[in-house]
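Hello,

Here is the structure I promised to pass on. Have a look at it first, and then read my notes below.

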Amino acid sequence: GTHVIKALSAGAKACSFGKAFLFSLGAGGQQGVERLLENMQKEIRRNMILMGCKNIKDLDASKIIFRK
């Protein structure tokens with residue numbers, strides 16, 4: 001989930017989970033994919049709360065990327 005937050009805050013319009021869907025489908029079928037989506041949603045929501053963002057539009061690279 002953190003890679004999704006990083007990509008979106010850096011200006012990406014979309015972000016994928018890669019092969020996670022295939023692994024989840026192979027290991028647990030439909031329930032495995034549903035569990036993956038629930039876990040990703042919880043992780044993204046938790047990280048947005050920790051960053052102080054209420055929605056996706058509030059994501060800004062200046063909040064998570066440290067520059068000297």
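**What I found**

L36 is found in helix 2, and it makes a good place to start. Please keep in mind that this is a predicted model. L36 has a relative accessible area of 13%, and because anything under 20% counts as buried, L36 is a buried residue. Which residues does L36 touch, once its neighbours within four places in sequence are left aside? They are A20, F21 and S24. You may also want to find F17 on your screen: F17 and L36 are 19 residues apart in sequence, and their C-alpha atoms are 9.9 Å apart in space.

Now for the wider view. The protein chain has 68 residues, of which 22% count as buried. It holds three helices and zero strands, so the pattern along the sequence reads α-α-α. Among contacts with a separation of 6 or more, 47% are between residues 24 or more positions apart. The chain exposes about 5,300 Å², with 57% of that supplied by carbon and sulfur atoms.

Next comes helix 1, which spans residues 2–9. Its buried residues are V4, I5 and S9. Why do these three lie on the same side of helix 1? Because they cover an arc of only 120 degrees around the axis. As background, an α-helix has 3.6 residues a turn, so residues three or four places apart point the same way. Just after helix 1 you will come to G11, which takes a positive phi of about 110 degrees.

How do helix 1 and helix 2 meet? Helix 2 covers residues 20–51, and the two axes come within 8 Å, crossing at roughly 55 degrees. The two helices are therefore oblique to each other, and their crossing is right-handed. On the helix 1 side the contact is made by T2, H3, V4 and I5. Helix 2 contributes M40, E43, I44, N47, M48 and M51. Two of the buried residues of helix 1, V4 and I5, thus appear in this contact.

One residue there deserves a second look. N47 is found in helix 2; is N47 buried or exposed? N47 is buried, with a relative accessible area of 14%. Leaving aside its neighbours within four places in sequence, N47 is in contact with G1, T2 and I5. T2 and I5 are also among the helix 1 residues that make the contact with helix 2.

Happy browsing, and write back with any questions.

Best wishes

Methods:
Residues numbered from 1 in each chain as written. Predicted model: local features only at pLDDT ≥ 70, side-chain atom pairs only at ≥ 80, totals over all residues. Heavy atoms only, no water. Helix = DSSP H or I, 4+ residues; strand = E, 2+ residues; numbered from the N terminus. Buried < 20%, exposed > 50% of the residue type's maximum accessible area, 1.4 Å probe, protein only. Contact = heavy atoms within 4.5 Å. Areas by Shrake-Rupley, 256 points an atom, 1.4 Å probe, with all protein chains shown as cover. Arc of directions from axis to C-beta. Axes fitted to C-alpha atoms, helices over the stretch in contact; angles between N-to-C directions. Parallel < 35°, antiparallel > 145°, perpendicular 65-115°, else oblique. Left-handed = near helix turned anticlockwise from the far one by under 90°.
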